[in-house]
Amino acid sequence: MTFWDKLMNIDRRWVYLCIGIVVIIPAIIPFKVPVSTTLEVERIYDFVESCEAGDYIYLGIDYDPSTLAELDPMTYAILNHAFSKDVNVITACLSQFGPAMAELRLTEVAQQYGKESGKDYCFLGYRPYPAITILSMGLDFQVTFPLDYYGVPVDSLEIMQGIRNLQDVKGVISLTAGNVADFWITYGNGRFGFPLALGVTGVMGADYYQYLQSGQIFGLIPGIKGAAEYEVLSGFETTGLRSIPYQTLSHGVILLFIIISNIGYFASKRKKRT
Amino acid sequence: MRKQIPIYFVFGSGIIMIVQYFIPSEESDWLFTYANDWVIVVGIFALALGIWSLLRSEFRKLKDPKERFYAAVLLFGFFIMIFTGLKAENLEAGSLMFDIFENVLIPIQATIFSLLAFYVASAAYRAFRARTVLATILLLTAFIIMARLLPLGPISEVNQYGVAWILAIPNMAAKRAITMGVGLGAIATCIKIILGIERTYLGHD
């Protein structure tokens, strides 16, 4: 095996080791990477920014702990932004492992702003079958969720007086890592026409750009990069911006391995010809 | 009769749900809510069936020395979550169930998902080679998208335009074609099921 062949056949364990090392580096030597913002994230920021005190937004924390590294920064940034403007936040969870996690995040941020459950925000909890739940919330919150997460009747909550369903909120932002995003587009925006924005994982991002142009979603936060952009715009820095150096270095290493692999491929091909 | 009744039932339910979706009214809302209640009821039966099936399978595995350990871990986790979750107050922070969720489930799920980074790196190293024209296009696209996170000075700004163009034009065209194809396929399949042409969901005799 020649040197060029070896470049094409590096043992995968070396690749794993390199990735392992570079994701440790930012933890030992912290540094910052400049983040430029994109239009799709700016639109969501502008939407929350345009809300006035007392306006309602629905924030769907529709993800599992498996993707919290990417989606948690979005949750924190949007909640901070909304609570800082005294916007009423209604939230629920359409992922079976999500409710306890969502409740932790919600109460953590709410406490920082002195917000009260049932008065300034409301956590409705979890219901199975996302498509049905979305369709049902589009008709009536109280039918879908007779009680909130804490067992309090939803119709007795101060925040729920004056709104009946998703059509009464100013907009819906769903943070999700699965096909719940499709359900929101099809059964939420498609059926009821309320403004919808999505926060999704990096790998899902490319799938949802088509809905931006068609106007079915007004904004999109793709992955940790999108979360970092929202943090830059809103000024609420959590783990989004702090995660960017890890992603930058790991992407750099992947690109380096791709370059090495292609150098080996072309050199090996040339040698065989000669 | 074993096949005819379900087919009639599916036909009736399918037509009713289509009508209620496209004709919004109070009656439609009531019908939708009523149908949803039925979905939940059916789901509860399916849940019980699933639990019974899981327990039967795992208790059988307890007899196999190779599978015993994993089956025991699954059953232990299953029962501990049921017992800690039975009381409503246990859903609050600080309870045993919450601690298990926060300190066991969340790290496990996050760890498994994190492992993808290693596999993606290895797969990218092996797959992204400029063997053909199409492979070269794929390679260049991946390169531009991944490079958007690298601080490359003035090149970064140009790269951002490249990323925006790739996502908004070729990516969207391809995704839209796939989505429309999937949508048309789903409509065709639904019509076949409602009309009783597609019967595989009934199983075999």
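This report describes a predicted model with chains A and B, beginning with the fold of each chain.

## Chain A: overall layout

Chain A contains 13 helices and six strands. Along the principal axes, the C-alpha atoms of chain A fill a box of roughly 80 × 40 × 30 Å. Half the chain is enclosed by the burial criterion: of the 274 residues of chain A, 50% count as buried. Among the contacts in chain A with a separation of 6 or more, 73% join residues 24 or more positions apart.

The domain assignment splits chain A in two. Domain 1 is made of two segments, 3-28 and 251-273, while domain 2 covers 39-237. Between the C-alpha centres of domain 1 and domain 2 of chain A the distance is 41 Å.

## Helix H5 of chain A and the loop after it

Helix H5 of chain A covers residues 68-84, 17 residues in total. At 1.5 Å a residue, H5(A) should span 24 Å, and its end C-alpha atoms are 23 Å apart, so the expected and modelled spans agree. Of the 17 residues of H5(A), 15 are buried, and the helix is thus described as mostly covered.

The loop between H5 and strand E2 (88-93) of chain A holds Lys85(A) and Asp86(A). Lys85(A) has 17 C-beta neighbours inside 10 Å and therefore counts as partly exposed. Asp86(A), with 14 other C-beta atoms within 10 Å, is also partly exposed. Lys85(A) makes contacts with Cys51(A) and Ala53(A), its neighbours within four places in sequence being left aside. Glu52(A) is 33 residues from Lys85(A) in sequence, yet the two C-alpha atoms are 6.9 Å apart in space.

## Positive phi values

Most residues other than glycine have a negative phi. Asp86(A), which follows H5(A), has a positive phi near 60° and is a residue other than glycine.

Tyr129(A) is a further case: its phi is positive, about 60°, although Tyr129(A) is not a glycine. Tyr129(A) is placed in the loop between strand E3 (121-126) and helix H7 (130-139) of chain A. There are 15 C-beta neighbours inside 10 Å of Tyr129(A), so this residue counts as partly exposed.

## Strands E5 and E6 of chain A

Strand E5 (residues 196-200) of chain A pairs with E6(A) in the parallel sense, over four bridges. In this pairing, Gly199(A) stands opposite Ile221(A) of E6(A).

Strand E6 of chain A runs over residues 219-222. Gly219(A) and Ile221(A) point to one side of E6(A), and Leu220(A) and Pro222(A) point the other way. Residues on both sides of the strand are buried: this holds for all four of Gly219(A), Leu220(A), Ile221(A) and Pro222(A).

## Chain B: overall layout

Chain B has seven helices and zero strands, which gives the pattern α-α-α-α-α-α-α along the sequence. The radius of gyration of chain B is 26 Å, whereas the globule rule gives 17 Å for 205 residues. Chain B is well over that value, so it is more spread out than a compact globule.

The C-alpha trace of chain B spans about 65 × 50 × 40 Å along its principal axes. Of the 205 residues of chain B, 5% count as buried. Of the contacts in chain B with a separation of 6 or more, 18% are between residues 24 or more positions apart.

## The interface between chains A and B

The two chains touch through 40 residues of chain B and 45 residues of chain A. On the chain B side, five helices each supply at least two residues: H2 (26-61), H4 (96-127), H5 (133-146), H6 (154-168) and H7 (170-194). H4(B) supplies the largest share of that side, 14 residues.

By residue class, the side of chain B that touches chain A divides into 28 nonpolar, eight polar and four charged residues.

Technical notes. Residues are numbered from 1 along each chain as its sequence is written. Chains are lettered from A and ligands numbered from 1 in the order in which they are written. This is a predicted model: local features need pLDDT of at least 70, side-chain atom pairs count only at pLDDT 80 or more; totals for chains, interfaces and linings use all residues. Two residues are in contact if their C-beta atoms, placed from the backbone, lie within 7 Å. Ala, Val, Leu, Ile, Met, Phe, Trp, Tyr, Cys and Pro count as nonpolar, Asp, Glu, Lys and Arg as charged, and the others, Gly among them, as polar. The radius of gyration is taken over C-alpha atoms; the globule rule is 2.2 Å times the number of residues to the power 0.38. A residue is buried if 20 or more other C-beta atoms lie within 10 Å of its own, exposed if 12 or fewer, and partly exposed in between; C-beta atoms are placed from the backbone. Domain bounds come from an automatic or database domain assignment. The expected span of a helix is 1.5 Å times one less than its number of residues. Two strands pair if DSSP finds at least two bridges between them.
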